[in-house]
Amino acid sequence: DPPAWQDPRSAATYVRNIASDLTRADPAGAGYYAERATAYTARLAELDGWITQRIAQVPAAQRKVITSHDAFGYFAARYGVTMVAVAGVSTNADAGARDMADIIRLMRRDKIKALFLENIANPRLVDQISRETGAQVGGRLYSDALSAIGGPASTYLAMMRHNVDTLVAGMQRT
């Protein structure tokens, strides 16, 4: 489940599984793989603590976000953020008129100001919601792909930090 990497604890599971598989394929490198996996898993634990602290800066009632597609379920569950997707799991799925109306009503009712576009999604629906609600697009989130080298999300750790900083800024908007 690719979006599982939006929770650093799941990413740590990936790291352990990769190290285990590399060790099976190359037993001579077992020590190296274990050392690298341990070091990266520690960085993921630090990241998880940092994210928890950053999200805690947003009052619980403001932890509501609209995104372009449903890629942040694991993140939302881990950090207590309500994330509503304009489109379904597929970035190719367009929301229908009823879906759009429901999202616009939800944003108005719950005073949701955090509206985000994902790097791999078509901006058309998010832009339409922005026009209808007056909510500004709070930035670009990286969900299923990293940015180019030198970009804001060129590594997993950079992606997560960028996304969290972007989300917190948007959720704190009044």
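Me: How does Asp165 count: buried, partly exposed or exposed?

Reply: The relative accessible area of Asp165 is 34%. Buried means under 20%, and exposed means over 50%. This is a predicted model. By these cut-offs, Asp165 counts as partly exposed.

Me: Which residue forms a salt bridge with Asp165?

Reply: The closest N and O atoms of this pair are 3.0 Å apart. The pair links distant parts of the chain, 111 residues apart: Asp165 is in helix H6 (residues 156–172), and its partner is in helix H2. The partner of Asp165 is Arg54.

Me: Arg54: buried or exposed?

Reply: The relative accessibility of Arg54 is 18%. The cut-off for buried is under 20%. So Arg54 counts as buried.

Me: How many salt bridges does a search of the whole structure find?

Reply: Asp165 with Arg54 is one salt bridge. Lys64, Arg109 and Asp110 are also linked, in a network of salt bridges. For the whole structure, the search finds seven.

Me: Which residue forms a salt bridge with Asp48?

Reply: The closest N and O atoms here are 2.7 Å apart. The two residues are 30 apart in the chain, with Asp48 in helix H2 and the partner in helix H3 (residues 73–79). The partner of Asp48 is Arg78.

Me: In the pair of Asp48 and Arg78, which residue counts as buried?

Reply: Arg78 has a relative accessibility of 28%, so Arg78 counts as partly exposed. The other residue has 10%. Under 20% means buried. The buried residue is Asp48.

Me: What separates Asp21 and Arg24 in helix H1?

Reply: Asp21 and Arg24 form a salt bridge, with the closest N and O atoms 2.2 Å apart. Asp21 is partly exposed at 43%, and Arg24 is exposed at 59%. The two residues are three apart in helix H1, which means a separation of about one helical turn.

Me: Which residues form a nonpolar patch on the surface?

Reply: One member is partly exposed, with a relative accessible area of 32%. That member is found in helix H1 (residues 8–25). Together the patch residues have about 260 Å² of accessible area. They are Tyr14, Ile18 and Leu22.

Me: Which backbone oxygen does the side chain of Thr38 reach?

Reply: Thr38 lies in helix H2 (residues 30–56). At 56% relative accessibility, Thr38 counts as exposed. Its side chain reaches a backbone oxygen at 2.9 Å. That oxygen belongs to Ala34.

Me: How far apart in space are Thr38 and Val15, C-alpha to C-alpha?

Reply: In sequence, Thr38 and Val15 are 23 residues apart. In space, the C-alpha to C-alpha distance is 8.8 Å.

Me: Which strands stand at the edges of the sheet?

Reply: Four strands form an open sheet with parallel pairing, in the order E2-E1-E3-E4. An edge strand has a single partner strand, so one side is left without a neighbour in the sheet. The edge strands are E2 (82–85) and E4 (137–141).

Me: By what angle are neighbouring strands of this sheet turned against each other on average?

Reply: Strands of a sheet pair through backbone hydrogen bonds. In this sheet, neighbouring strands are also turned against each other. With direction ignored, the average turn is 30°.

Me: Which residue in E4 stands opposite Leu117?

Reply: Strand E3 (residues 114–118) runs parallel to E4. Three bridges join E3 and E4. Opposite Leu117 stands Arg140.

How values were computed. Residues numbered from 1 in each chain as written. Predicted model: local features only at pLDDT ≥ 70, side-chain atom pairs only at ≥ 80, totals over all residues. Heavy atoms only, no water. Patch = residues over 30% accessible without salt bridge, like charges linked within 9 Å, V, L, I, M, F, W, Y side chains within 5 Å. Areas by Shrake-Rupley, 256 points an atom, 1.4 Å probe, with all protein chains shown as cover. Salt bridge = Lys/Arg side-chain N within 4 Å of Asp/Glu carboxyl O. Buried < 20%, exposed > 50% of the residue type's maximum accessible area, 1.4 Å probe, protein only. Polar contact = N/O pair within 3.5 Å; in protein donor to acceptor, adjacent residues only side chain to side chain. Pairing = 2+ DSSP bridges. Axes fitted to C-alpha atoms, helices over the stretch in contact; angles between N-to-C directions.
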